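Work through the exercises below with the sequence and the model open. Try each task before you read its solution.

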Amino acid sequence: MKNILKRTALFSGLIMVLSINEVYAQSFEWISSTEGNVWKQAKVKLQTSSRQTPLLEANGTEEGTVFKAWGTCFNELGWDALNMLPRKQQEIILQQLFAPEGDLKFTMGRFSMNANDYARDWYSCDEVPGDFQLKHFNINRDKTTLIPYIKAAQQYNPHMTFWMSPWSPPSWMKINHYYSVRSDRNQNEMSPLSDVTLFEDSKEKDTKVFPQQLAVNDYFIQDPRYLQTYANYFCKFIDAYKEEGIPVSMVMFQNESWSYTNYPGCAWTAEGIIRFNTEYLAPTLKKQHPEIKLYLGTINTNRYDVIDQVLSDPRMPETIQGVGFQWEGGQILPKLRAKYPQYKYVQTESECGWGSFDWKAAEHTFGLMNHYLGNGCEEYTFWNAILYDGGFSGWGWKQNSLIHVDSKTGTATFTPEYYAVKHYSHYVTPGSKVLAYRAAEEDKTPVMVVMTPQKKQVVIAGNFNKEAKEVTVKLGSRYLSVTLPPHSLNTFVEK
């Protein structure tokens, strides 16, 4: 009888040990993608110890940035690409991009005021010279392209938020009276003689920064009457879109004022940026649209001294609520955020590549998301969600997109970059907190740990090397230890 009781007690103790081990042997779903073999799912369990030093550690108590939104830009050529597909395929794509239960779960949209480089061609909402009363302002062109595109997305997510910026003001408000900044004999009809305005006699170049030379003139006419009219123009645009059921919640004064473009653009000096934002745009928005947030952007220069000059103006804290970065601007994001912690930070345009639609582009975008989220950006905006054929702009630039349409066959392909985005946006939902990150520059192994609003841990890791790589991440007192395939994108989701 004693032996039976002893064996029963031993068996009960063994069951208890197994139960405890099962509780702590937390399981994660592992989603992995490699070129030609995407979204493969498996399971992995946390370990009580590790022979390898963790690449990253997180215990869940970190004061990380709370992420708010993924989004994309609505451009005319994207609308054209979508309409090359059968209706059923269009609905599938819109559902996967914007529906709460879709793949990418985009909840935010960006669009341009006037034409951008992925418009069909150049236009503005008021091309009547001297119309300071804006009597001829209208969004008739947008009602045939951008607005139907946006409304198609709203059918799948009626709670989307939107922000906008111009690429170019109306041409009559610019010193060169033309939509682009510089001439290009192949892509526009601007006189080469007008290019003297950009740098005048300046020959000074710095090859370590972008741009190598700074514009010496504001391309927007710095006359008070023009500046105030342009601020009013912003408000009329906001009003017009609101009437269409598309509420704008945030604006930025200019897209890439440091790209001296052959397509729609506008160069600004630091002094001009401060003047327009502090003396005209911010006060006008506050009076006519106090609900609108004004962010400084979009910053696409790595000239820290220039952006520091703008942000250090004592009027800026009362002018802007945040700062937006894209392209080279991302390089100075960490330093600026450290100096100006009072602002919100967002990423404004994911880099678009050169029309390759390949795995290299997917890895690049995966690394960008790691960088911007890891450095405190609350929102992330992708450029073109969908393009057709070579991805050419109206001004000859060949670019990537998340979905590629073949105009001859009327078929769509989800590109490798689409899956790179899905590895983040499908699981890092609004309200998720970024706990820790490791940059891609550190041996081509970007890693991030996120806590979702449901208190589920998500680990996102890439291996951009030619060889498989053993990776360990410490989560509390446990270890996620895995071998990542070469050139792979991976997401681990707590079950």
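## Exercise 1: Helix H7

Task: find which residues of H7 are buried, and what they pack against.

Solution. In H7, the buried residues are Ala-270, Gly-272, Ile-273, Ile-274, Phe-276, Asn-277, Thr-278, Tyr-280, Leu-281, Ala-282, Thr-284 and Leu-285. Here buried means under 20% relative accessible area, exposed means over 50%, and partly exposed is in between (1.4 Å probe, protein chains only). Helices (H or I, at least four residues) and strands (E, at least two) are DSSP runs, numbered from the N terminus. The model is predicted: local features need pLDDT of at least 70, side-chain atom pairs count only at pLDDT 80 or more, and totals for chains, interfaces and linings use all residues. Residues are numbered from 1 along each chain as its sequence is written, and side-chain values use heavy atoms, with hydrogens and water left out.

Next, look at the partners. The buried residues of H7 pack against H6, strand S7 (248-252), strand S8 (293-299) and helix H8 (304-311).

Task: compare the expected span of H7 with the distance between its end C-alpha atoms.

Solution. The expected span of a helix is 1.5 Å times one less than its number of residues. H7 (residues 270-288) has 19 residues, so it should span 27 Å. Its end C-alpha atoms are 26 Å apart, which agrees. H7 also bends by about 40° at Asn-277; the bend is the angle between axes fitted to the seven residues ending there and the seven starting there.

## Exercise 2: The nonpolar core

Task: describe the largest nonpolar core and say where it lies.

Solution. A nonpolar core is a set of buried Ala, Val, Leu, Ile, Met, Phe, Trp, Tyr and Cys residues joined through side-chain atoms within 4.5 Å. The largest one has 131 residues, and Trp-70, Phe-111 and Phe-276 have the most contacts inside it. Helix H6 (residues 224-243) gives the largest share, 10 residues. Because domain 1 (28-60 + 454-494) and domain 2 (69-430) both give residues to this core, it lies between them. The domain bounds come from an automatic or database domain assignment.

Now take one residue of this core. Leaving out residues up to four places away in sequence, Phe-111 touches several others, including Phe-74, Trp-163, Phe-237 and Val-248. Contact means heavy atoms within 4.5 Å.

Task: state how far apart the C-alpha centres of the two domains are, and how many residues each gives to the contact.

Solution. The C-alpha centres of domain 1 and domain 2 lie 34 Å apart. The contact takes 18 residues from domain 1 and 12 residues from domain 2.

## Exercise 3: Cysteines

Task: how many disulfides does a search of the whole structure find?

Solution. A disulfide is a pair of cysteine sulfur atoms within 2.5 Å. The search finds zero. For Cys-73, the nearest cysteine sulfur is that of Cys-352, 10 Å away. Cys-73 has 2% relative accessibility, so it counts as buried.

## Exercise 4: The backbone

Task: locate the cis peptide bonds from Phe-210 to Pro-211 and from Gly-297 to Thr-298.

Solution. The bond from Phe-210 to Pro-211 has omega near -5°, and Pro-211 lies in the loop between helix H5 (196-199) and H6. The bond from Gly-297 to Thr-298 has omega near 5°; Thr-298 lies in strand S8.

Task: is Asn-114 buried or exposed?

Solution. Asn-114 has 0% relative accessibility, so it counts as buried. Its phi is near 75°, a positive value in a residue other than glycine.
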